[in-house]
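Visitor: I've got a model open and I'd like to know what stands behind the labels people put on it. Can you walk me through it?

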Amino acid sequence: MRSEFLQFSPPMIAEGDIDEVVQTLREGWITTGPRAARFESEFARYVGAPAALALNSATSALHVALAVLGIGEGDAVVGTTMTFSSSIHVIEHQGAKPVLVDVEPDTLNIDPDQVEAAVKRTPRVKAIMPVHLYGHPSDMKAIYDIARRHHLAVVEDAAHSLPAFVNGRMIGTPEPGFDLPNLVAFSFYATKNLTTGEGGMLTGPPELIDQARVWSLHGMSRDAYKRYTSEGSWRYDVVLPGFKYNMPDIQAALGLHQLRRLDDMQRRREAIVAQYDEALGQLDALETPTSRPGVRSAWHIYLLRLKLDRLNIDRDTFIDELRERNIGSSVHFIPIHHLSYYRDRYGLQPESFPVAEREFHRMVSLPLSPAHSDQDVADVIDAVTDIVQRHRA
């Protein structure tokens, strides 16, 4: 058994990352400025987006996206119960109603058939918010088709899915022929495939990103960098009641260097996933993650599902036993219909989400980070195997 606790998803910070941040501090411009602008440009180029806006979180990116689309009081947005609460909070923040649907049993991504049904039965739906869960893209062909038929915007929660591909298209690259509003929100939280500590990015059409930029900094007509350089002016106007969501250059500096390393870090994630698949796929009490044809997952999370009928312990005890063996793990996510605010406010019942409800009780997220060594991965495999063998039903 390991002598030290294995963190679930430690960031992989290189000396070059540190040097980039230190150089930013030495140069004296630490709030939103030239590095944030460069990060936006390089990120947009990397994912194939027409424009990008660096923000202080993916939550902020989703919130700004809804604001730009004019979604507000009396409107509705269709989302999924299998997500982190922030995806749904932003709908509430705008005074709109979240309409939650169940998920597909293999990927646990939003179920397009249920999206269609929810759109038909719900007045004033303005947008669909698919979540690319665990790094595996949602069925976007089906989502775009629904959006076209009902003239809806699509706001993608891509917090897990950098860099994910479906049929050769990276998430963030516009879908050819889709001419309705489409905005994509990425996360750079500490555990993400690319980190700035906290942070996010919103991508989409230049005209929407330009509007989002105004929303992201107090609704002001020019940002801090332009106001405080020799090219700027102290004069500004406030054109709408905006937020304080901008990304400072300190974070952008880290993001710039992480972006250059992202492909290498992704290859390491894929190597770890291959080790997990090979070893854990042989245990008949476990179900390893799904990967659909044409998809290259970002592998943000390695979701293990327990076949509880073949074990004499439940999921919570399984996690406790991992912890006893100094292995960190987690659960992604507690479904929204379990959370008291949404459960009580909207009268959500487990039977309305049978797939999410069933799968939630058998989910375990295993450690996955490019910072993990082969020995770390072997320790996880040994711990999982030992628990399964000791607790066969």
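**Strands, sheet and pocket**

Guide: Sure, and keep in mind that this is a predicted model. Let's start with one residue pair: L304 has V364 in β13 as its bridge partner.

Visitor: What makes β12 and β13 a pair of strands?

Guide: Two strands pair if there are at least two bridges between them. β12 (residues 302-306) and β13 are joined by four bridges, so they count as paired. They run antiparallel.

Visitor: Which strands form the open sheet, and in what order?

Guide: Three strands form it, in the order β10-β12-β13, with antiparallel pairing. β10 (286-287) and β13 (363-366) each have a single partner strand, so they stand at the edges, and one side of each has no neighbour in the sheet.

Visitor: What lies across β12 and β13?

Guide: That's helix α10 (residues 315-324), which runs at about 25° to β13.

Visitor: Now the largest pocket: why is it called a pocket and not a cavity?

Guide: A cavity is space where the probe fits but cannot get out, whereas a pocket is an open set of points, so the name tells you that this space is open. The largest pocket holds about 520 Å³ of space.

Visitor: Which residues line the largest pocket?

Guide: There are 26 of them, and F84, A159, S187, Y189 and K192 lie nearest the centre. Helices α3 (58-68) and α4 (85-93) each supply at least two lining residues, and α3 gives the most, with three.

Visitor: How does the lining divide by residue type?

Guide: Into 11 nonpolar, 12 polar and three charged residues.

Definitions and conventions: Residues are numbered from 1 along each chain as its sequence is written. This is a predicted model: local features need pLDDT of at least 70, side-chain atom pairs count only at pLDDT 80 or more; totals for chains, interfaces and linings use all residues. Side-chain values use heavy atoms; hydrogens and water are left out. On a 1 Å grid over the protein atoms alone, a cavity is a set of points where a 1.4 Å probe fits but cannot get out, and a pocket is an open set with protein on both sides within 12 Å along at least five of seven lines; lining residues have an atom within 4 Å of a point. Grid points are joined across faces, edges and corners, and a volume is the space filled by probe spheres set on the points. Ala, Val, Leu, Ile, Met, Phe, Trp, Tyr, Cys and Pro count as nonpolar, Asp, Glu, Lys and Arg as charged, and the others, Gly among them, as polar. Contact means heavy atoms within 4.5 Å. Axes are lines fitted to C-alpha atoms, for helices over the stretch in contact, and angles run from 0 to 180 degrees between N-to-C directions.
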